[in-house]
Amino acid sequence: MFIDIVPNRSSPPAILLREGYREGGKVKKRTLANLSKLPPEAIEALKRVLAGEILVSAQEHLSIERSLSHGAVAAVVGTIRKLELEGLIHSRPSAERDRAVALVAARVLRSSSRLALARALDPQTATSTLGQVLGVEGVTSDQLYAAMDWLAGGQERIEKKLAQRHLREGTLLLYDVTSTYFEGRRCPLAALGHNRDGKKGKLQIVVGLLCTAEGCPVAVEVYPGNTADPTTLASQIFKVRERWGLKRVVWVGDRGLLTEARIEEELRPVEGLEWITALRAPALGALVEAGELQLSLFDERDLFELRSAAYPQERLVACRNPLLAEERARKRESLLRATEAELERIAAATRRATRRLVGRDKIGLRVGRVLGKYKVAKHFVLEIDDDGFSYYRDEERIREEARLDGVYVIRTSVEATEMDAEAVVRSYKDLSQVEWGFRDLKSFQLEVRPIRHRLEERVRAHAFICMLAYYVVWHMRRALAPLLFQEDDPAGAQAQRASIVAPAQRSARARRKAQTQRTDEGLPVHSLETLLADLATLTKNRMRFGQATFQQIAQPTPLQQRALELLGVALRP
């Protein structure tokens, strides 16, 4: 039997079920049924049955045996391979290299302990395809710790390769430090120091990050928690000049790091080392007192160069930001009022009828705690004796400080022929790129803090893995910018800015993304974290059909497909 389609000149063709037979040596056919009214899918199924196929119910015989998250893994590992990070880690393939790459990729995908990562790479308990893609299924936590040690042993070599890729003679280097807290008491690097995370009583570890002018990380260094920020500069200079061979470098650092002492002792004596930093408040006030910084010039412009006898070999660029001035005035008034409220409670305690607060020492101790909390002691005049306490604002000093609200002066040794005043200001403001790097390292999914390793080398390895993960994240952010709540039209943003001193403005496209939460293509806008979470829903499935099994990747959504295209990553069946 077979299905025959008979054309009909003025009507739809007739679909007939026919049978072939022989009669007198001739092949003939006869019609058994007219199937024209059957739906197309029924006719197609009948054709397959007549052709000898065995049809079964898909619900009964097709099943998904297991689903693993794959889209985010493909995006991160694809980016790592596109950046040739594997070759940077080591030129020769090895099990150690694969495990080291897994440590970096896992830190981007979801930070966890080595024990949790080993569980995630176990074929029996895995929730993603990371182990499959990198060929590290079944590794143990001990092997992952060994991979950390192996990776840390190559840090100098890897950082040198990153420097060769991203830096040239005469380049600008953005450098800043932060601290992060330590859980425990038994690491040689952990010490009491400047606490930037608000974790009282925790030991600290200091981390220095070195970036290109665009904010791309190239090196990280770990110091004991009681290390002063400026003292870290010497080791960074040694790294750049001796290990990387760069003799001409412009160091960009904030006023707390590139201090006068560091400039005089470590930068100025070395030929080829230039710097861009800012003056501290006392030095700024000294320029005004000497008449070298005339504040009236800001009535006409927000930026100008000046010379000072105190800095004969440097250029000074004075800037004033009105919005920054307003913010500083608001913050100062807020601190003054908060201080007055607590000082008034102390004064009331010295006047109450019972249990009066008396004694110069006791009163002074409570007053000192308040002033130390808000740090505006210089703006108050205090009178403390054995049985009383009074205070009032030093209005003259407050007015004197308010004159400099929003004013800052950048100092540099770079000649005007190499960098004009606006370029100097722009370079100093680019330090915000390092601050964003620290935010990513401390939050996002990299979570450099808290540090729980006890061995010094493991702490250094942990920081290095987080830096390499941030290197991947930095490139992913740039590639995925059209889909993220971040600027993807730098030229448009620059056009919106009145001057380099004025606050940065978003381009029209970035504002449109923020308002509509949609891209120009109509796709939803994400943060990198939520976009990776969306990509994680793209699964790789092990399918079973009868006795046969095969792998099948789910169909990506338009958003997922666009993200993979921007990253230059192709899904492989």
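Q: Buried means under 20% relative accessible area, exposed means over 50%, and partly exposed lies in between. In this predicted model, which of these terms applies to Glu333?
A: The relative accessible area of Glu333 is 26%. That value is not under 20% and not over 50%, so the term for Glu333 is partly exposed.

Q: With which residue does Glu333 meet in a salt bridge?
A: Side chains of opposite charge can pair when their charged atoms come close. The partner of Glu333 lies in helix H13 (residues 322-349) as well, four residues away, about one turn of the helix. The partner is exposed, with a relative accessible area of 56%. At 2.9 Å from N to O, the side chain of Glu333 meets that of Arg337.

Q: How many residues apart in sequence are the parts tied together by Asp149 and Arg458?
A: Asp149 and Arg458 form a salt bridge, with their closest N and O atoms 2.8 Å apart. Asp149 belongs to helix H8 (residues 141-153) and Arg458 to helix H18 (residues 456-480), so the pair ties together parts whose separation in sequence is 309 residues.

Q: Is Arg458 buried or exposed?
A: Its partner Asp149 is partly exposed, with a relative accessible area of 36%. Arg458 has a relative accessibility of 18%. Because the limit is under 20%, Arg458 counts as buried.

Q: Where does Lys378, the salt-bridge partner of Glu401, lie?
A: The closest N and O atoms of Glu401 and Lys378 are 2.9 Å apart. Glu401 is in helix H15 (residues 395-402), and the pair ties together parts that are 23 residues apart in sequence. Glu401 counts as partly exposed at 26%, and Lys378 is partly exposed at 41%. Lys378 lies in the loop between H14 and strand S12 (380-385).

Q: With the side chain of which residue does Arg315 make a polar contact?
A: Arg315 is found in strand S11 (residues 315-320). Its relative accessible area is 3%, so Arg315 is buried. At 3.0 Å, its side chain makes a polar contact with the side chain of Glu305.

Q: What is the relative accessible area of Arg369?
A: Arg369 lies in helix H14 (residues 360-374). Together with Arg352, Arg355 and Arg366, Arg369 forms a positive surface patch. Arg369 is exposed, with a relative accessible area of 54%.

Q: How many salt bridges does the count come to?
A: A salt bridge needs a side-chain nitrogen of Lys or Arg within 4 Å of a carboxyl oxygen of Asp or Glu. Glu260, Glu264, Arg268, Glu314 and Arg411 are linked in a network of such bridges. The count comes to 36.

Methods
Residues are numbered from 1 along each chain as its sequence is written. This is a predicted model: local features need pLDDT of at least 70, side-chain atom pairs count only at pLDDT 80 or more; totals for chains, interfaces and linings use all residues. Side-chain values use heavy atoms; hydrogens and water are left out. Patches are made of residues with over 30% relative accessible area and no salt bridge: like charges are joined within 9 Å, nonpolar side chains (Val, Leu, Ile, Met, Phe, Trp, Tyr) within 5 Å. Accessible areas come from the Shrake-Rupley method with a 1.4 Å probe; for residues, only the protein chains shown count as cover. Lys and Arg count as positive and Asp and Glu as negative; His and the chain ends are not counted. The place of a charge is taken as NZ of Lys, CZ of Arg, CG of Asp or CD of Glu. Helices (H or I, at least four residues) and strands (E, at least two) are DSSP runs, numbered from the N terminus. Buried means under 20% relative accessible area, exposed over 50%, partly exposed in between (1.4 Å probe, protein chains only). A polar contact is a pair of N or O atoms within 3.5 Å; within protein, one must be able to donate a hydrogen and the other to accept it, and residues adjacent in sequence count only if both atoms are side-chain atoms.
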